[in-house]
Amino acid sequence: VTALALVGAWTTYLVGMWLASQRAGSGSMVADYGLRFRPIDVVGLGIGVLCSLVLIRIVYLPLEALWPATFSEAKLNENAQDLVDSAGGSTWTVVAVVVVGAPLMEELFYRGLLQRSLASRYSDWLAVVGVAALFAVVHFRPIEIPGLFVIGLVFGFAALRTGRLGMAIMIHAGFNATGILQAL
């Protein structure tokens, strides 16, 4: 049910982004949103794994020291565990949604549409930070806001630095895959 709801939402995003591209852009989603890949982007999978295992751990170490009951590793892994448990044995559905669909659609929307739009009006860094904050808050999991904000900065920097979404999508996929694998 969750997977179907997400596919419906993602279809709405795609249609909206396509319309925006047709009306206010070049008419090419590839050009307007930077939806390009290069072979080097595969390195992003490893970067995503490292971010999940090292960077996010560093972000939460001081929070866990200050509030151990709130920011314990078990509490941080609850969402991934709930996703795996709710799949009812359909691990492939979780992988398809969380490791393939979410990175593609979220990067297309957040870094492709929002970050590029904001960067055209404000500074690149303001766009990266603003979109990372929105990305973190929109996931509606307060305990994950610090980590999602930091990883959102990584995704945003990758998109900004490369000028395309391929690297950010791959980092996102590696990051999400690590969380799911830890929950299995």
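In helix α1, the buried residues are W10, M17 and S21, and in this predicted model the buried residues of α1 pack against α2 (29–33) and α5. The helix itself spans residues 2–24, and its 23 residues reach 32 Å from the first C-alpha to the last, close to the 33 Å expected at 1.5 Å a residue.

Helix α6, which covers residues 124–138, can be described in the same terms. Its 15 residues reach 21 Å from the first C-alpha to the last, close to the 21 Å expected at 1.5 Å a residue. The buried residues of α6 are A127, V128, V131, A132, F135 and A136. These residues cover an arc of only 160 degrees around the axis, which means that they lie on the same side of α6. As for their partners, the buried residues of α6 pack against three helices, α5 (91–121), α7 (145–162) and α8 (166–183). After α6 comes F140, whose phi is positive, near 60 degrees.

Salt bridges

The model contains 4 salt bridges by the rule applied here, and the table lists three pairs among them with the separation of their closest nitrogen and oxygen atoms.

| Pair | N to O distance |
|---|---|
| D41 and R164 | 2.7 Å |
| E107 and R111 | 2.8 Å |
| R141 and E144 | 2.7 Å |

The salt bridge of D41 with R164 has its closest N and O atoms 2.7 Å apart. Because D41 lies in the loop between α2 and α3 while R164 lies in the loop between α7 and α8, this pair ties together parts that are 123 residues apart in sequence. Both members of the pair, D41 and R164, are buried.

The salt bridge of E107 with R111 belongs to a single helix, since the two residues are 4 residues apart in α5 and are therefore separated by about one helical turn. E107 is buried, and R111 is buried as well.

In the salt bridge between R141 and E144, the two partners fall into separate classes of exposure. R141 is partly exposed, with a relative accessible area of 25%, whereas E144 is buried, with a relative accessible area of 12%; the cut-off that applies here is that buried means under 20% relative accessible area.

Helix α3 and its contact with helix α8

A nonpolar patch on the surface is formed by V49, L50, L53, V54 and I58, which together have about 430 Å² of accessible area. One of these residues, V54, is placed in helix α3, which runs over residues 43–66. V54 is partly exposed, with a relative accessible area of 43%, and the patch rule asks for residues with over 30% relative accessible area and no salt bridge, so on the accessible-area part of that rule V54 qualifies.

Two members of the patch also appear among the contacts of T178, a residue of helix α8. When its neighbours within four places in sequence are left aside, T178 is in contact with V49, S52 and L53, and V49 and L53 are both included in the nonpolar surface patch. T178 itself is buried, with a relative accessible area of 8%, so T178 falls under the 20% cut-off for buried residues.

Conventions: Residues are numbered from 1 along each chain as its sequence is written. This is a predicted model: local features need pLDDT of at least 70, side-chain atom pairs count only at pLDDT 80 or more; totals for chains, interfaces and linings use all residues. Side-chain values use heavy atoms; hydrogens and water are left out. Patches are made of residues with over 30% relative accessible area and no salt bridge: like charges are joined within 9 Å, nonpolar side chains (Val, Leu, Ile, Met, Phe, Trp, Tyr) within 5 Å. Accessible areas come from the Shrake-Rupley method with a 1.4 Å probe; for residues, only the protein chains shown count as cover. A salt bridge is a side-chain nitrogen of Lys or Arg within 4 Å of a carboxyl oxygen of Asp or Glu. Buried means under 20% relative accessible area, exposed over 50%, partly exposed in between (1.4 Å probe, protein chains only). The expected span of a helix is 1.5 Å times one less than its number of residues. The arc is that of the directions from the helix axis to the C-beta atoms. Contact means heavy atoms within 4.5 Å.
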